[in-house]
Amino acid sequence: MNINKDRIVHEFLELTNIDSESFHERKMADVLIDKLNKLGFNVVEDEAYKYYNSEAGNVYGYLKGELNKPSILLSSHMDSVSPGNNKHSIIDGNIIRSDGTTVLGADDVAGLVEILEGIRYVQENHMPHRNIEILFPIAEEQYDKGTQVFDFKKIKSKQAYVLDLSGDIGTAAIKAPSILSFEIKVIGQASHAGFDPENGIHAIYIASKAISKLKLGHVDEESTLNIGTIQGGIARNIVPEETICLGEIRSYDHAKAMKYLKEVENIFKETAREYHGSIEMNYEIHMEAYENDMNSDTVKDFINACYSIGIDAKFCTTFGGSDNNHFMENDIEGLVISSAMYHVHSTKEYTKIDELVKGAMLVAQLICQ
């Protein structure tokens, strides 16, 4: 018996039709809980929604297996980016694509349906499998907010596969960065821009001078720095008293990320002091960098599973974060693998039907090894 292509396509269309932008995953969670229950999982939804005043929690499921091997964790996130409401999928031969007005939602519905169909395939073919744990998080697209508050004491597995990477099935990312965001408030002094400009302290001017001293973009071969938004002032005839700058740092080296953060703070402080202003700075570490051990069982099992379905395993690095950053921080050797999504985070997003089928087959092999 082969993977049921018609069923996986139908389920993909069903799930992409659900509105599930970040923090609005209630309907998606309800549908997935029902599907996991029908597959025999013991399912629990946590209270992550309380942290964010949102609609749903992370969905966790456990299914006992027959193989005397350690349990395995499979994960794909439930949320999509914007514009992700009122989606309409179009089938064009082997391609399922967005109609061009919204994202498709293959990020990460492709991973969800490959996990579900892979498990069905194993059950319908009476294949002995490992104990399976499932985690479908909320708000991955918001710096992994769901797994940031998940209680990892619930997880028994020390091996995980996160289906959340672009490209053909068989690709895996073995390296991901630390991601930090920061907010700097530059504080000056308001005055009338026509009658009394000399007695004002121009917060926007201070911010612009500080930013001009920064090296933006690639600050070295493995780190980036960006100032993404600047907001300040209340009227065109008032010297602006406050300006807020929002920025982000990414690096494959966590120590470097923290070093660049300190440099940004120092430059803004020194510049503000030079012009008799001041600053207030807040930052958040969303995730920490990691690199997979190529000799780990997680990587070796992935290579073997790819071989068993007739494809070559390919490895890459990513400069994006995923729920796997939090898995690795909690001593779970996770590997982010492709779920056959393409042009993600855009209205040109699409997937390939034959790759969805391969993805489900790969899941089946991973849980049966």
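**Strand E10, helix H10 and the cysteines**

Strand E10 is joined to strand E13 (residues 242-251) by 10 bridges, and the two run antiparallel. This is a predicted model. E10 has another partner as well. It pairs with strand E14 (residues 278-287), again in the antiparallel sense, over 9 bridges.

Leu 180 shows both pairings at one residue. Opposite Leu 180 in E13 stands Ile 249. In E14, the bridge partner of Leu 180 is Ile 285.

How buried is E10? The strand covers residues 178-187, and 7 of its 10 residues are buried, so it is largely enclosed by the rest of the structure. As background, side chains in a regular strand alternate between the two faces of the sheet.

Now turn to helix H10. It spans residues 353-368, 16 residues in total. From first C-alpha to last, H10 reaches 23 Å, close to the 22 Å expected at 1.5 Å a residue. Of its 16 residues, 14 are buried, so the rest of the structure largely encloses H10.

Next, the cysteines. A disulfide requires two cysteine sulfur atoms within 2.5 Å. By this rule the count is 0 disulfides. Cys 306 is in none; its nearest cysteine sulfur, that of Cys 316, lies 12 Å away. Cys 306 has 0% relative accessibility, so it counts as buried.

Why does Cys 368 form no bond with the closest cysteine sulfur? That sulfur, in Cys 306, is 15 Å from the sulfur of Cys 368, which is too far for a bond. Cys 368 also counts as buried, because its relative accessibility is 19% and the cut-off for buried is under 20%.

Definitions and conventions. Residues are numbered from 1 along each chain as its sequence is written. This is a predicted model: local features need pLDDT of at least 70, side-chain atom pairs count only at pLDDT 80 or more; totals for chains, interfaces and linings use all residues. Side-chain values use heavy atoms; hydrogens and water are left out. Buried means under 20% relative accessible area, exposed over 50%, partly exposed in between (1.4 Å probe, protein chains only). Helices (H or I, at least four residues) and strands (E, at least two) are DSSP runs, numbered from the N terminus. Two strands pair if DSSP finds at least two bridges between them. The expected span of a helix is 1.5 Å times one less than its number of residues.
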